[in-house]
Amino acid sequence: SANNLLDDNQASGVFIYDTIYNSTQRIPADLLTGNVIRARVSDDGYKIVYLSSVSFTDGTYSIRVVDTQIGSMVDSIPAETGRLFDPAISPNGRYIAFTSTTTSLVDTPLTGIRRNIFLKDLNTGVITLVTATESGLDIDNSAYCPHFTANNSHLYFTSNASNLVSGDNNGRTDTFIYKLPDQ
């Protein structure tokens, strides 16, 4: 374990390990706000998505997206929208996905009881409810762990919901695949 990566007054940081040059780079602390939790990095190493606890002490987090190439935060989803979890970023850095109990990000009526999967296109700003049911109702159980495929074509996640697809009556956690919009 390394004991020389953080200054004494820093609680967390984000580091990128370059496998070609066998070196570790620390993302400058001024690009990151609050405690950094569950940081994920795009394949090119330029965009980072993470949960930030800045100014919140009630266990809620904002989602922040930082572009290290231009040296600034490029997107944020505030904690006031509802509880946010599980940030993921597509390999090409265009999309972020996350789970949330929010009811205010899309027009679909949601109860705010269960975690849904959301997708945000960082180029257009459009947020899509990935866990939309065929009937337009809220899912009957939560969804978790969004991940992108390596070729940027799909998002996959798990859920115990029985109403995401018709005929799902096995009573088990299933893995679902969502095709991303054409790029």
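Mentor: A salt bridge here is a side-chain nitrogen of Lys or Arg within 4 Å of a carboxyl oxygen of Asp or Glu. Keep in mind that this is a predicted model. R38, D86 and R115 are linked in a network of such salt bridges.

Trainee: What makes D86 and R38 a salt bridge?

Mentor: Their closest N to O distance is 3.8 Å. The rule asks for a side-chain nitrogen of Lys or Arg within 4 Å of a carboxyl oxygen of Asp or Glu, so the pair qualifies. By this rule the count comes to four salt bridges.

Trainee: Where in the chain do D86 and R38 lie?

Mentor: D86 is in strand β7 and R38 is in strand β3, residues 36-41. They are 48 residues apart, and the pair links distant parts of the chain.

Trainee: Why is D86 called buried or exposed?

Mentor: Look at its relative accessibility, which is 14%. Buried means under 20%, so D86 counts as buried.

Trainee: And why does R38 get its label of buried, partly exposed or exposed?

Mentor: R38 has 47% relative accessibility. Buried is under 20% and exposed is over 50%, so R38 falls in between and counts as partly exposed.

Trainee: What is notable about phi of D86?

Mentor: Phi is near 50°. That is a positive value in a residue other than glycine.

Trainee: How do you know that D75 and K120 form a salt bridge?

Mentor: Their closest N and O atoms are 2.8 Å apart. The cut-off is 4 Å, so the pair passes. D75 sits in strand β6, residues 72-77, and K120 in strand β9. The two residues are 45 apart in the chain. Both D75 and K120 are buried.

Trainee: What does the salt bridge of D121 and R94 tie together?

Mentor: D121 lies in strand β9 and R94 in the loop between β7 and β8, so the pair ties together parts 27 residues apart in sequence. The closest N and O atoms of D121 and R94 are 2.7 Å apart. Set against the 4 Å limit, this pair therefore qualifies. Both residues are buried.

Trainee: Why is strand β8 described as largely enclosed?

Mentor: Count its residues. Six of the six in β8, residues 95-100, are buried, so the rest of the structure largely encloses the strand. Both faces are covered. Y95, A97 and T99 are buried on one side, and I96, F98 and S100 on the other.

Trainee: How do you know that β7 and β8 are paired strands?

Mentor: Pairing takes at least two bridges, and four join β7, residues 84-89, to β8, so they pair. They run antiparallel. One bridge puts F85 opposite T99 of β8. In the hairpin of β7 and β8, five residues lie between the strands, and G93 takes a positive phi near 80°.

Trainee: What makes β9 a partner of β8?

Mentor: Six bridges join β8 to β9, residues 116-121, in the antiparallel sense. The minimum is two, so the pairing holds. T99 stands opposite I117 in β9.

Trainee: Why are β11 and β13 called edge strands?

Mentor: The open sheet has three strands in the order β11-β12-β13, with antiparallel pairing. β11, residues 143-148, and β13, residues 174-179, each have a single partner strand, so one side of each lacks a neighbour in the sheet. On average, neighbouring strands of this sheet are turned by 25° against each other, direction ignored.

Trainee: How do you know that β12 pairs with both of them?

Mentor: Check each count against the minimum of two. β11 and β12 share four bridges, so they pair. β12, residues 154-159, and β13 share six, so they pair as well. F148 stands opposite L155 in β12. Towards β13, Y156 has I177 as its bridge partner, and T158 stands opposite T175.

Trainee: Which face of β12 is covered, and which is uncovered?

Mentor: L155, F157 and S159 make the covered face. H154, Y156 and T158 make the uncovered one.

Trainee: Why is N152 called buried or exposed?

Mentor: N152 has 15% relative accessibility, and the limit for buried is under 20%, so N152 counts as buried. It is placed in the loop between β11 and β12. Phi of N152 is near 65°, a positive value in a residue other than glycine.

Methods. Residues are numbered from 1 along each chain as its sequence is written. This is a predicted model: local features need pLDDT of at least 70, side-chain atom pairs count only at pLDDT 80 or more; totals for chains, interfaces and linings use all residues. Side-chain values use heavy atoms; hydrogens and water are left out. Axes are lines fitted to C-alpha atoms, for helices over the stretch in contact, and angles run from 0 to 180 degrees between N-to-C directions. Buried means under 20% relative accessible area, exposed over 50%, partly exposed in between (1.4 Å probe, protein chains only).
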